[in-house]
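Please read this note with the model open beside it. Each numbered point can be checked by finding the named residues one at a time.

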Amino acid sequence: MAAPVSSYNSVTSLILVLSTLIVISCASNFNQEFDITWGGSRAQVLNNGQLLKLSLDRGSGSGFQSKNEYLFGKIDMQLKLVPGNSAGTVTAYYFSSQGPTHDEIDFEFLGNLSGDPYTLHTNIYTQGKGNREQQFRLWFDPTINFHTYTILWNPRHVIYMVDGIPIRDFKNLESRGIAFPKNQPMRIYSSLWDAEDWATRGGLIKTDWSQAPFIASYQNFIADACTWSSGTSSCASGTMNKAWWNQDLDATSEERMRWVQKNYMIYNYCTDMKRFPQGVPPECLVA
């Protein structure tokens, strides 16, 4: 006999509550994991370290960086982006090493006029070389609720995910002479700043400062990752027991990524022949 609807709803509610508690219990404390690097009081850690807010006004934006450096891992951050008229603003969340031959893995959220969708801009640098932009619209409003943005980085892949759905997979193709980020530990950085010269419709739409302060919020940072200190990885032994170390995209995940790229990708450097008249970068030619 089927369970009564009320019982089903009660069980479902309990599962949701327990899931939320599990996420919260695993989430790191922002005071312990990050340093505010600029913007002064425009960046605030609240709720006993469980919430971080960045703000932007005409005077300045704000930003933070991780205390740790990482070399491989699965790292989640939940963001709620600037609501309303966010045109001209950029919320950047990225991983980067230092120096002229640095590696970098980027999420950048380009604001827009009220009612128009955000642009999610992604890029990846290897040995100081970027120019690998892919841009997406999101299939939800990223300003109403928190959503999870994940980088899964192991020796074979850099996979970008949104709410667990893969949107991009940069594969290790070193065997074909294409550099892959695997030797330089990276810190995590995030900032909220004014980029009205280019962020919205190529700079045609400027920042409306009457809407300031602009605020982006962060919670539930979870790093199942290898930290790097004094030239040594925390994963020097036992790394192979971590599920993400050998993870790639299964058939279902590949299908989901194709769905996103078919329906929500608005720019792909691999198809921009005007930009690369002599031929697209070599990784674009690999199926």
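The points below deal with a strand and its partners, then salt bridges, then pockets.

1. This is a predicted model. Please keep that in mind for every value in this note, as each one is computed from the model.

2. Start with strand β10, which covers residues 147–154. Is this strand enclosed or open? Eight of its eight residues are buried, so β10 is largely enclosed by the rest of the structure. Buried here means that a residue has under 20% relative accessible area.

3. The side chains of β10 fall into two sets. H147, Y149, I151 and W153 point one way, while T148, T150, L152 and N154 point the other way. Both sets are buried.

4. Next, look at what lies alongside. Strand β5, residues 69–80, pairs with β10 in the antiparallel sense, and seven bridges join the two. To find the place by eye, look for L79, which stands opposite H147 of β10.

5. Strand β10 also pairs with β11, residues 157–162; these two run antiparallel and are joined by six bridges. The connection from β10 to β11 is a hairpin of two residues. L152 has I159 of β11 as its bridge partner.

6. How many salt bridges does a search of the whole structure find? The count is eight. Three of them are described in the next points, each with the accessibility of its two residues.

7. One salt bridge joins the side chains of E283 and R132, at 2.8 Å from N to O. This pair links distant parts of the chain: E283 is in the segment after β16, R132 is in the loop between β8 (119–125) and β9 (134–137), and 151 residues separate them. E283 counts as buried because its relative accessibility is 10%. R132 counts as buried too, with a value of 3%.

8. Another salt bridge is formed by R275 and E133, whose closest N and O atoms are 2.7 Å apart. Here too the pair links distant parts of the chain, with R275 in the segment after β16 and E133 in the loop between β8 and β9, 142 residues apart. R275 is partly exposed, at 30% relative accessibility, whereas E133 is buried, at 14%.

9. K206 and D197 also form a salt bridge, and their closest N and O atoms are 4.0 Å apart. Is D197 buried or exposed? D197 has 58% relative accessibility and so counts as exposed. K206, at 42%, counts as partly exposed.

10. Now the pockets. Rolling a probe the size of a water molecule over the atoms shows where empty space is left. The largest pocket has a volume of about 490 Å³. Of the 18 residues that line it, Q134, D169, C270, E283 and V286 are the closest to its centre. E283 is thus in the lining as well as in the salt bridge with R132.

11. Which elements each supply at least two residues of this lining? They are β12 (165–171), α3 (251–264) and β16 (265–268). By class, the lining of the largest pocket has nine nonpolar, three polar and six charged residues.

12. The second largest pocket has a volume of about 190 Å³. It is lined by 14 residues, and D116, P117, Y118, D141 and P142 lie nearest its centre. Its lining divides into six nonpolar, six polar and two charged residues.

Methods:
Residues numbered from 1 in each chain as written. Predicted model: local features only at pLDDT ≥ 70, side-chain atom pairs only at ≥ 80, totals over all residues. Heavy atoms only, no water. 1 Å grid on protein atoms, 1.4 Å probe; cavity = no way out; pocket = protein on both sides within 12 Å on 5 of 7 lines; lining within 4 Å. Points joined across faces, edges and corners; volume = space filled by probe spheres on them. Helix = DSSP H or I, 4+ residues; strand = E, 2+ residues; numbered from the N terminus. Nonpolar A, V, L, I, M, F, W, Y, C, P; charged D, E, K, R; others polar. Buried < 20%, exposed > 50% of the residue type's maximum accessible area, 1.4 Å probe, protein only. Pairing = 2+ DSSP bridges.
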